[in-house]
Amino acid sequence: MKSPDLDRSIVETAYARWAPIYDAVCGPVMVKGRRAAAAAARAVGGKILEVGVGTGLSFDDYDLTTEVTGIDLSAPMLAKAREKMASGRYPFVRDVQLMDAHQMAFADATFDCVVAQFVITLVANPEQVLSECHRVVKPGGRIILVNHLYSETGVAAAVERWAAQRTRTLGLRPEFPFARLRAWAQANKDANLIERRKVAPFGIYTLVCFQRAVASAA
Ligand SMILES: C[S@@+](CC[C@H](N)C(=O)[O-])C[C@H]1O[C@@H](n2cnc3c(N)ncnc32)[C@H](O)[C@@H]1O
């Protein structure tokens with residue numbers, strides 16, 4: 001049986017449920033991946049867009065060398081992010097907005113860096129979201145993704161295929177392969193895949209970085 005794909009309503013329902021417990025459950029488990037992605041974004045610096053910012057767990061990983069804007073589809077997740085902003089600890093977080101990453105309201109070439117932490121494998125149309133990220137990043141800017149990607153072979157792949165049937169309603173897509181990200185870059189002449197690396201210590205997460213060609217126009 002083919003598992004149903006993720007759509008907007010599944011994601012919204014799933015993350016309304018996740019919001020109250022998200023930081024406690026996903027904070028420690030994903031911290032290494034989150035830090036690696038934010039460190040790569042800080043190396044670019046400037047205006048950073050966090051796509052699928054969620055509850056704002058990544059705010060701790062940025063500093064005053066950056067200006068962070070976040071978007072998310074889930075109002076309950078964003079409410080948690082706004083609580084963090086209200087603490088006053090994150091003056092470099094400029095704004096968070098309810099927005100679908102498939103169709104962003106930002107002008108072309110707005111950001112120096114676009115980051116999506118644990119997001120690209122669960123959006124309804126990952127290629128469309130990548131193209132939107134590419135549109136809003138400046139020429140020479142970077143798109144940084146971090147995620148668990150499908151193992152493709154061996155026992156882990158079999159487990160992920162099995163889990164795929166059962167985890168859609170949790171807003172997850174565990175069988176998402178790297179090949180899909182590479183194919184998107186190959187189909188976009190201004191998008192260059194410049195890094196793919198496993199994140200230490202266990203290599204569960206993969207960091208992928210694309211750079212928009214300097215001479216490109218949106
Ligand atoms: C696994 S959480 C990751 C949250 C955060 N990036 C982190 O690392 O803690 C995925 C987030 O992506 C958001 N999301 C899913 N689809 C989206 C879309 N199309 N546009 C914007 N956000 C989306 C969800 O609402 C959720 O907050």
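This section describes the ligand site, the nonpolar cores and two buried residues of a predicted model.

The ligand is surrounded by 20 residues, of which Tyr22, Gly52, Asp72, Ala101 and Gln117 come nearest. By residue class, this shell divides into 12 nonpolar, 5 polar and 3 charged residues. Two helices, α1 (residues 8–18) and α2 (residues 22–44), each contribute at least two residues to the shell.

Polar atoms of the protein approach the ligand at several points. On the backbone side, a polar atom of Gly52 is 2.7 Å from a nitrogen atom of the ligand. Two side chains also take part: an N or O atom of Asp100 lies 2.9 Å from a ligand nitrogen atom, and a polar atom of Arg34 is placed 3.1 Å from a ligand oxygen atom. Of the 600 Å² of accessible area that the ligand has on its own, the protein covers 98%.

The largest nonpolar core comprises 38 residues, and the members that touch the most others are Tyr15, Tyr22, Tyr62 and Ile144. Helices and strands both give two or more residues to this core: the helices are α1, α2 and α3 (75–86), and the strands are β3 (93–98), β4 (111–117), β5 (137–147) and β7 (206–212). The greatest contribution, 8 residues, is that of α2. Tyr22 thus appears both in this core and among the residues that come nearest to the ligand. A second core, separate from the largest one, contains 29 residues, including Met99, Ile120, Val123 and Val208.

Two residues with ionizable or polar side chains were examined individually. Asp61 is located in the loop that joins β1 (46–51) and β2 (66–72). Its relative accessible area is 13%, and Asp61 is therefore classed as buried, the cut-off being under 20%. Beyond residues up to four places away in sequence, Asp61 touches Arg34, Arg35, Ala38 and Arg42. Among these, Arg34 is also the residue whose side chain has a polar atom 3.1 Å from an oxygen atom of the ligand.

His134 belongs to helix α4, which spans residues 126–136. With a relative accessible area of 12%, His134 is likewise buried, because this value falls under the 20% limit. Apart from neighbours within four places in sequence, the contacts of His134 are with Ile143, Trp184, Asp190, Ala191 and Arg212.

Conventions: Residues are numbered from 1 along each chain as its sequence is written. This is a predicted model: local features need pLDDT of at least 70, side-chain atom pairs count only at pLDDT 80 or more; totals for chains, interfaces and linings use all residues. Side-chain values use heavy atoms; hydrogens and water are left out. A residue is near a molecule or strand if one of its heavy atoms lies within 4 Å of it. A polar contact is a pair of N or O atoms within 3.5 Å; within protein, one must be able to donate a hydrogen and the other to accept it, and residues adjacent in sequence count only if both atoms are side-chain atoms. Accessible areas come from the Shrake-Rupley method with a 1.4 Å probe; for residues, only the protein chains shown count as cover. Helices (H or I, at least four residues) and strands (E, at least two) are DSSP runs, numbered from the N terminus. Ala, Val, Leu, Ile, Met, Phe, Trp, Tyr, Cys and Pro count as nonpolar, Asp, Glu, Lys and Arg as charged, and the others, Gly among them, as polar. Buried means under 20% relative accessible area, exposed over 50%, partly exposed in between (1.4 Å probe, protein chains only). Contact means heavy atoms within 4.5 Å. A nonpolar core is a set of buried Ala, Val, Leu, Ile, Met, Phe, Trp, Tyr and Cys residues joined through side-chain atoms within 4.5 Å.
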